[in-house]
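Here are some exercises on cavities, salt bridges and burial, each with a worked solution. Have the coordinates open and try each task before reading on.

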Amino acid sequence: MAHDENLLTIRNLHTYFYTEDGVVKALNGVNLEIKRGEVLGLVGESGSGKSVTALSILRLIQDPPGKIVEGEIWFDGEDLQSFSTARMCEEVRGGKIAMIFQDPMTSLNPVFRVGAQVAEAIRIHQHTDWKEALKRAVRMMVRVGIPSSEERASDYPHQFSGGMKQRVMISMGLSCNPQLLIADEPTTALDVTIQAQILEEIKIIQADTGASVLLITHDLGVIGEMADRVAVMYAGNIVEYTDADTLFNTPKHPYTQGLLNCFPEASERKTDLEPIEGTVPNLINPPSGCRFHPRCKMAMPICSEREPELLQIADGHQVSCLLYDHNVVNAA
């Protein structure tokens, strides 16, 4: 069960997708904790399982073909796996846990006015009448920086730019004062100026409300700017888990080191980046042992045979790598 300081605790989460080609083992025993009031960054390549983790928390995995086959998801001391679908809709989704989805272009309903879409969440979760919900929706749109919000609330999504649509999505996500905000690539496809503004808005509102944030991205620059702690994900597993400063200064997992080696740091003006060779494995038939070993420059023969555990190597620093397993190193 979750400790008091943890708002969300995930234990041994397995989420699979049953397809014609075979079973996609998208999450392979994920363990994750989000403390109250913190920003946790979840980083990794496309296909590593970041979005599936978010959808699993909200029980939005489409069944079929997807299914949570094992694991626990504790939120504020309660097991979300035990909640009925009706209770998830009424209490959790959009209320206690809100999500900003990856693509603002497709996340808004094109046939409803923008203000009405924000107000709908408020009406359902805050139990207000329609008039009050619309007032609150306009106030929230003002807060996220939408100019002339009262007039623009009557507009349709196609009348908004990509950056403004993303602001609408943020206002919708934050409109019910959630305890946890899941932001899945919240600045994808936006120019850098708008990206910086939106990240700043999330930080200000998060600080004002005391909400926790799960920030999902493949952009290490965003992680460095926003996150208190970071979980690095690879092929359905958490491979490193520590505070942001430690991750950037002393990364331990070879995959994390590889990600940082191909990140162009402005301060160093790198000219030769070092890409990680190969691609994320097919999760229908993943590699045996450590899923990263076929791409790892530091792989040992045992890495193809034995699956590493997430080990605590220092206070608050966990790594899933046999290089840090004393039993393996001493045997070698």
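For the first exercises you need residue classes: Ala, Val, Leu, Ile, Met, Phe, Trp, Tyr, Cys and Pro count as nonpolar, Asp, Glu, Lys and Arg as charged, and the others, Gly among them, as polar. Keep in mind that this is a predicted model.

**Exercise 1.** List the residues that line the second largest cavity and sort them by class.

*Solution.* Start with the space itself, which is about 40 Å³. Next, collect the lining: Phe75, Asp76, Glu78, Phe83, Val92, Lys96 and Gln179. Now apply the classes. Phe75, Phe83 and Val92 are nonpolar, Gln179 is polar, and Asp76, Glu78 and Lys96 are charged. The tally is therefore three nonpolar, one polar and three charged residues.

**Exercise 2.** Describe the largest cavity by volume, lining and class.

*Solution.* First, the count: the structure holds two cavities of 30 Å³ or more. The largest has a volume of about 80 Å³. Of the 13 residues that line this cavity, Cys290, Cys296, Cys303, Cys321 and Leu322 are the closest to its centre. By class, the lining of the largest cavity has 11 nonpolar residues, two polar and no charged. Set this beside the second largest cavity, where three of the lining residues are charged.

**Exercise 3.** Find the salt bridge of arginine 87 and explain how the spacing of the pair along the helix relates to a helical turn.

*Solution.* Begin with the general idea: side chains of opposite charge can pair when their charged atoms come close. A search of the whole structure finds 15 salt bridges. In one of them, arginine 87 pairs with glutamate 91, and the closest N and O atoms are 3.1 Å apart. Both residues belong to helix α2 (residues 85–92), and because they are four residues apart, about one helical turn separates them. Then check accessibility: arginine 87 is partly exposed at 28%, and glutamate 91 is partly exposed at 30%.

**Exercise 4.** Work out which helices are linked by the salt bridges of lysine 203 and arginine 143.

*Solution.* Take arginine 143 first. Its salt bridge is with aspartate 208, with 3.0 Å between the closest N and O atoms. This pair links distant parts of the chain, 65 residues apart: arginine 143 is in helix α5 (residues 130–143) and aspartate 208 in helix α8 (residues 192–209). Arginine 143 is partly exposed at 38%, whereas aspartate 208, at 53%, counts as exposed.

Now lysine 203, whose side chain meets that of glutamate 225 in a salt bridge (3.4 Å, N to O). Here helix α8 holds lysine 203 and helix α9 (residues 220–226) holds glutamate 225, 22 residues apart. Lysine 203 is partly exposed at 29%, and glutamate 225 is partly exposed at 47%.

As a last step, look for shared partners: salt bridges join Glu78, Arg87, Glu91 and Lys96 into one network. Glu78 and Lys96 also line the second largest cavity from Exercise 1.

**Exercise 5.** Decide whether arginine 167 is buried or exposed, and name its contacts.

*Solution.* Locate arginine 167 in helix α7 (residues 162–174). Its relative accessibility is 5%, and the limit for buried is under 20%, so arginine 167 counts as buried. Leaving aside neighbours within four places in sequence, arginine 167 is in contact with Val144, Gly145, Ile146, Ile194, Gln197, Ile198 and Glu201.

Key. Residues are numbered from 1 along each chain as its sequence is written. This is a predicted model: local features need pLDDT of at least 70, side-chain atom pairs count only at pLDDT 80 or more; totals for chains, interfaces and linings use all residues. Side-chain values use heavy atoms; hydrogens and water are left out. On a 1 Å grid over the protein atoms alone, a cavity is a set of points where a 1.4 Å probe fits but cannot get out, and a pocket is an open set with protein on both sides within 12 Å along at least five of seven lines; lining residues have an atom within 4 Å of a point. Grid points are joined across faces, edges and corners, and a volume is the space filled by probe spheres set on the points. A salt bridge is a side-chain nitrogen of Lys or Arg within 4 Å of a carboxyl oxygen of Asp or Glu. Helices (H or I, at least four residues) and strands (E, at least two) are DSSP runs, numbered from the N terminus. Buried means under 20% relative accessible area, exposed over 50%, partly exposed in between (1.4 Å probe, protein chains only). Contact means heavy atoms within 4.5 Å.
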